[in-house]
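Visitor: I'd like a close look at a single part of this model, one helix and the loop that follows. Could you walk me through the surroundings as well?

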Amino acid sequence: MGICIAFTVITWGWQNVGSAYIVRNMVRGEPVFIWSDYFYAIKRNLKEGFFLGLIDAVAIFTLGFDIAYFWGRTGSFTLDFGFFVTIALIILYFLMRFYIYLLLVTFDLSIFKILKNALIFSMLGFKRNIMGVLGIALITAVHILLLLLLISTPLSGLPIILPFLWYMAAVTFTSAYAADPVIDKYMI
């Protein structure tokens with residue numbers, strides 16, 4: 001299990017870089033050659049993708065740990081305040097993730113500037129971000145409904161495979177569709 005977690009953390013940024021490049025091109029209507037474009041984006045952003053992926057994985061783990069810590073410990077003002085601050089940070093970071101990897105594959109920026117611009121764009125593109133979040137919530141609801149409908153059928157193995165077939169791709173496309181016009185408007 002530890003090897004799988006280490007492999008995922010090490011390749012986290014590269015996976016997101018490759019998929020962000022492909023999805024960005026799809027959103028823009030540019031031609032996409034899945035395998036060659038995926039590995040082209042990884043080779044082009046090898047070092048930045050690795051370090052940004054580590055930062056991303058640490059941020060996701062830390063926010064997940066914080067929410068789990070504060071979930072069962074309520075009652076005092078400090079713990080309740082920590083819980084709500086953690087919820088606000090999760091929402092903000094979720095919106096920032098719409099932009100982080102798109103900025104990496106589109107521009108030659110330092111990691112600090114990518115994170116800073118992602119924070120700024122998550123506020124500037126608030127309307128598009130809310131629509132993107134609603135789209136992702138709808139996709140998630142449909143996915144959960146399909147899981148509940150298919151789990152007790154003879155196709156019970158399908159719910160295990162289903163997320164790998166369409167869920168992650170649909171969520172990534174929705175977030176890129178919401179974020180790319182904001183990047184295009186303010187940076188290009």
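Visitor: Where is isoleucine 151 found?

Guide: Isoleucine 151 is found in the loop between α6 and α7; helices here are DSSP runs of H or I with at least four residues, strands are E runs of at least two, and both are numbered from the N terminus. Before going further, keep in mind that this is a predicted model, in which local features need pLDDT of at least 70 and side-chain atom pairs count only at pLDDT 80 or more, while totals for chains, interfaces and linings use all residues. Residues are numbered from 1 along each chain as its sequence is written, and side-chain values use heavy atoms, with hydrogens and water left out.

Isoleucine 151 counts as exposed because its relative accessibility is 51% (buried is under 20%, exposed over 50%, partly exposed in between, with a 1.4 Å probe and protein chains only). If you measure across the model from there, the C-alpha atom of isoleucine 151 sits 38 Å from that of valine 105, and the two residues are 46 apart along the chain.

Now step back into α6 (126–150). Its 25 residues should span 36 Å at 1.5 Å a residue, and the end C-alpha atoms are 36 Å apart, so the two figures agree; the expected span is 1.5 Å times one less than the number of residues. Along this helix the buried residues are Asn129, Gly132, Gly135, Ile136, Ile139, His143 and Leu150. What do the buried residues of α6 pack against? Their partners are α4, α5 and α7.

Take asparagine 129, which lies in helix α6. With a relative accessible area of 0%, asparagine 129 is therefore buried. Setting aside neighbours within four places in sequence, asparagine 129 is in contact (heavy atoms within 4.5 Å) with Leu95, Phe98, Tyr99, Phe121 and Ser122.

Tyr99 is worth following from here. With neighbours within four places again left out, tyrosine 99 contacts Asn129 in return, along with Ala118, Phe121, Ser122, Gly125, Ala178, Ala179, Val182 and Ile183. Tyr99 also belongs to the largest nonpolar core, a set of 32 residues in which Phe98, Tyr99, Ile100, Tyr101, Leu103 and Ile183 touch the most other members. Such a core is made of buried Ala, Val, Leu, Ile, Met, Phe, Trp, Tyr and Cys residues joined through side-chain atoms within 4.5 Å. The elements giving two or more residues to this core are α1, α3, α4, α5 (111–124), α6 and α7. α4 is the biggest contributor, with eleven residues.

One more stop: the loop between α4 and α5, which holds leucine 109 and also aspartate 108. Aspartate 108 has 76% relative accessibility, so it counts as exposed. C-alpha to C-alpha, aspartate 108 and isoleucine 42 are 14 Å apart in space, with their positions 66 residues apart in sequence. Next to that, leucine 109 and glutamate 48 have their C-alpha atoms 9.3 Å apart, though they are 61 residues apart along the chain. Leaving aside neighbours within four places in sequence, leucine 109 is in contact with Ile114, Asn117 and Met187.
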